[in-house]
2 protein chains.
Amino acid sequence: MSSFVLKGDICYSISKDTLKTIKNGYCVCENSLCQGVFEKLPEIYKNLQLYDYEGKLIIPGLIDLHTHAPQFSFRGLNMDCELIDWLNNNAFSEEAKFSNLDYAEKAYSIFSDALKNSATTRACIFATLHKEATKTLMDKMEKTGLVSFVGKVNMDRNSPGNLCEESADISAKTTQEWIENSINKYKNTYPILTPRFIPSCSDELMKKLKALQQKYNLPVQSHLSENKDEIKWVSELCPDSKSYGDAYNSFSLFGKDAKTVMAHCVYSSDSEVELMKENGVFVAHCPASNTNLSSGIAPVRSYLDKGLKVGLGSDVAGGHSLSLFRAISDTVQMSKLYYRLVDASAKPVTFSEAFYLASKGGGEFFGEVGSFEKGYEFDAVVIDDSILPHPQELTVSERLERAIYLNADFSGIKAKFVRGNKVI
Amino acid sequence: MSSFVLKGDICYSISKDTLKTIKNGYCVCENSLCQGVFEKLPEIYKNLQLYDYEGKLIIPGLIDLHTHAPQFSFRGLNMDCELIDWLNNNAFSEEAKFSNLDYAEKAYSIFSDALKNSATTRACIFATLHKEATKTLMDKMEKTGLVSFVGKVNMDRNSPGNLCEESADISAKTTQEWIENSINKYKNTYPILTPRFIPSCSDELMKKLKALQQKYNLPVQSHLSENKDEIKWVSELCPDSKSYGDAYNSFSLFGKDAKTVMAHCVYSSDSEVELMKENGVFVAHCPASNTNLSSGIAPVRSYLDKGLKVGLGSDVAGGHSLSLFRAISDTVQMSKLYYRLVDASAKPVTFSEAFYLASKGGGEFFGEVGSFEKGYEFDAVVIDDSILPHPQELTVSERLERAIYLNADFSGIKAKFVRGNKVI
């Protein structure tokens, strides 16, 4: 259990509307938990090790609520298509390669290195349907020191021959073996149940997954209401469900006792939103992906107003960047276009709100995570924004906004702490 | 006059639909002009100096058709507002500082360094209304080795007291002095007439600017139809004009004998578009800015279909990044949202088209610029995309798309040539 003090220009969210900044402040970690932020270092902490990052920005580690590790290799490639074509042309053919462990080893090394060097400290990650390659990914994630939920993907229907499990039975059995192997193996890496999406999972499989979810008390991640064609398809596959979300809910894989994060929610109906709120389902808002795949823009303002649990996802490789800095500015930008082009009553998301979503908002999926309030798990990232020279005086909060818009995470990261451990 | 050969993986546009790529090819510069691209180096060029960039990407220098040098210092700052508020809160107060030459010296050093180190080789740049500071900017731009049009801004009405010229007469006189001083002073830096936009220029000033335009045969840059409130304001200021563009045209400052580039064109009416086409007015498409200021999305597909002259602009600091790589991916992304949210008949802009806009499309404003076809002025940028590791084989065009989406211009630039001179 580590204890130390960080000194620097500290920024963190208390709530979506309250972004606190302290110039030349002290952030205290005791036994891996945050003891709070102080303008002057209290006497009782004077003997702790001090990391002096004076003049640098110190922020909570950011949370990526939705990303696909095997897709990292084709991020930014062949982007001129929509979801279903994109899945068939890009995603499925690349994911099929992960039956080859050598390829998985190579690809997941690149992914985990990149994630380690980003501003992300915690992530919910899709692997592929391959049990062995998923273990490889989990081994690599554990080595980064980051905290992650990693999911072996389930898909037993409507999938290409080389990327489809033979039966619901085989899918569930393989999944159980993978859970048994991984559930107590790591300190920072955990299995998460990952039915790809309703179209690729038979009813029989979903029932078996619920049984596993209950037996091992696992969280759940999947996709929801990303694209209109996809929603129509789901309504044909599940004629008795009131919504796409209700289809998950009919198998009890939609929040409540099964902690659940759903990516996208671009076109969630009122009843679906109501159900998410009731069941405490997290929304992983993925603005880059929703733009790249011509899906649309999710109504984040309305989710915030309704008090839904919302965080951000890079959704690599629908999204082309692993950067949560980019996801923050994308969230603001896309909300402005939603306001301008879709609904003039939906006030754009502010910078403060978007920063909150990437930190404390998504952090809640992991517990008390994503802020520097007392009692929070200690995840922090130190950014050297002097790589962005400027002629005028800037406040700490101005420097934060600028560092995020200008993606100073690419080259500005100086240090990173996760659960009180220094990983960079 | 320099002559040499570049070897590497070469990418360039012939037309918007034809992006040529040559692996391990040769691009020949003779007397500062491109002689074309070859799979094998022709015998006659064997004695020229060879720069070996094997394994790296070689692209034409990119063209920034619209940016504001004094606004570079607040890019990515205080982004939570719209055009008119943003002008008053951010742009005007920062620009007023450029009456101080020390400040201008400092700020323009940072701007010109950044532009030099980007993938941009040519730019149309707004300065401020200050004659001396504009000279400072031109001196600095000349030192970069890039080619630029730089404009002292004109504004004699509807502007804050500390950023408004006293009269049309004084504005025109100061402008003439600046033109006389700069028109033959530099090798690569030229004055461009820069009425800020209709709201800030009196009729009297516009008439005087036309006289200067004719006397010195200057090109013109300004803003057009960016925001609905702005358009309404112009229609009130110019009740006799059929459109915002027609207001410029009524002073003969809208193409024809006055080569003109207009930034934005988000809400250009049919008649305005017709006039742009007729007069050969260039559109500087600025997707990041139009998003950040909640302006909307310009209908680029329709401009391409109608055969308008179009290029891209970073529009710093409405746009937060000076990167044309970012402007290319933004162009594709925003066109997808336009297609999804505004007009389902407007097919998204392809990567090939967006790359064309950033190179050959905008290059036409500078002459035969922005391609590696025979006779083109020799501007080239070398990108080391090995900073982006990948587990699979990639074609040259896939690597180009990926390098652009992932902003490999930030740290991947290995060399840069402008008019045959090596500037990096």
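Between chain B and chain A, 26 residue pairs are in polar contact, counting pairs where both residues sit at pLDDT 80 or more; that confidence filter applies because this is a predicted model. On the side of chain B that touches chain A, the elements giving two or more residues are α2 (101-116), α9 (287-292), α11 (324-341) and α13 (396-405) of chain B. Of these, α11(B) gives the most, with 10 residues. Sort the residues on that side of chain B by character and you get 25 nonpolar, 13 polar and 13 charged.

Salt bridges are part of the picture too: the rule finds 2 across the interface of chain B and chain A. One pairing to look up in the viewer is Glu82(A) with Arg340(B), whose closest N and O atoms are 2.7 Å apart in a salt bridge. As for the extent of the contact, it takes 51 residues from chain B and 51 residues from chain A. Interface size is often quoted as the accessible area lost when the parts come together. For chain B and chain A that comes to about 4500 Å², with 55% of it on carbon and sulfur atoms.

Now zoom in on chain A by itself. Its secondary structure comes to 14 helices and 17 strands, and the C-alpha trace spans about 60 × 50 × 40 Å along its principal axes. How does the radius of gyration of chain A sit against that of a compact globule? A compact globule with 424 residues would come out near 22 Å, and chain A has 21 Å, so the two agree.

The domain assignment splits chain A into domain 1 (4-61 + 371-422) and domain 2 (62-366). Domain 1 of chain A is thus written as two segments, whereas domain 2 of chain A is one. Their contact takes 34 residues from domain 1 of chain A and 35 residues from domain 2 of chain A, while the C-alpha centres of the two domains lie 29 Å apart. The area buried between the two domains is about 2600 Å², and carbon and sulfur atoms give 59% of that.

What holds for polar pairs inside chain A? Between domain 1 and domain 2 of chain A there are 17 residue pairs in polar contact, both residues at pLDDT 80 or more. Several elements each supply at least two residues to the side of domain 1 of chain A that touches domain 2 of chain A, among them β1 (4-15), β2 (18-30) and α13 (396-405) of chain A. That side of domain 1 of chain A divides into 18 nonpolar, 7 polar and 9 charged residues. The count of salt bridges between these domains is 4; Glu353(A) and Lys16(A) meet in a salt bridge at 3.2 Å, N to O.

Note on methods:
Residues are numbered from 1 along each chain as its sequence is written. Chains are lettered from A and ligands numbered from 1 in the order in which they are written. This is a predicted model: local features need pLDDT of at least 70, side-chain atom pairs count only at pLDDT 80 or more; totals for chains, interfaces and linings use all residues. Side-chain values use heavy atoms; hydrogens and water are left out. Domain bounds come from an automatic or database domain assignment. Contact means heavy atoms within 4.5 Å. Buried area is the accessible area (1.4 Å probe) that two parts lose on being put together, summed over both. A salt bridge is a side-chain nitrogen of Lys or Arg within 4 Å of a carboxyl oxygen of Asp or Glu. A polar contact is a pair of N or O atoms within 3.5 Å; within protein, one must be able to donate a hydrogen and the other to accept it, and residues adjacent in sequence count only if both atoms are side-chain atoms. Helices (H or I, at least four residues) and strands (E, at least two) are DSSP runs, numbered from the N terminus. Ala, Val, Leu, Ile, Met, Phe, Trp, Tyr, Cys and Pro count as nonpolar, Asp, Glu, Lys and Arg as charged, and the others, Gly among them, as polar. The radius of gyration is taken over C-alpha atoms; the globule rule is 2.2 Å times the number of residues to the power 0.38.
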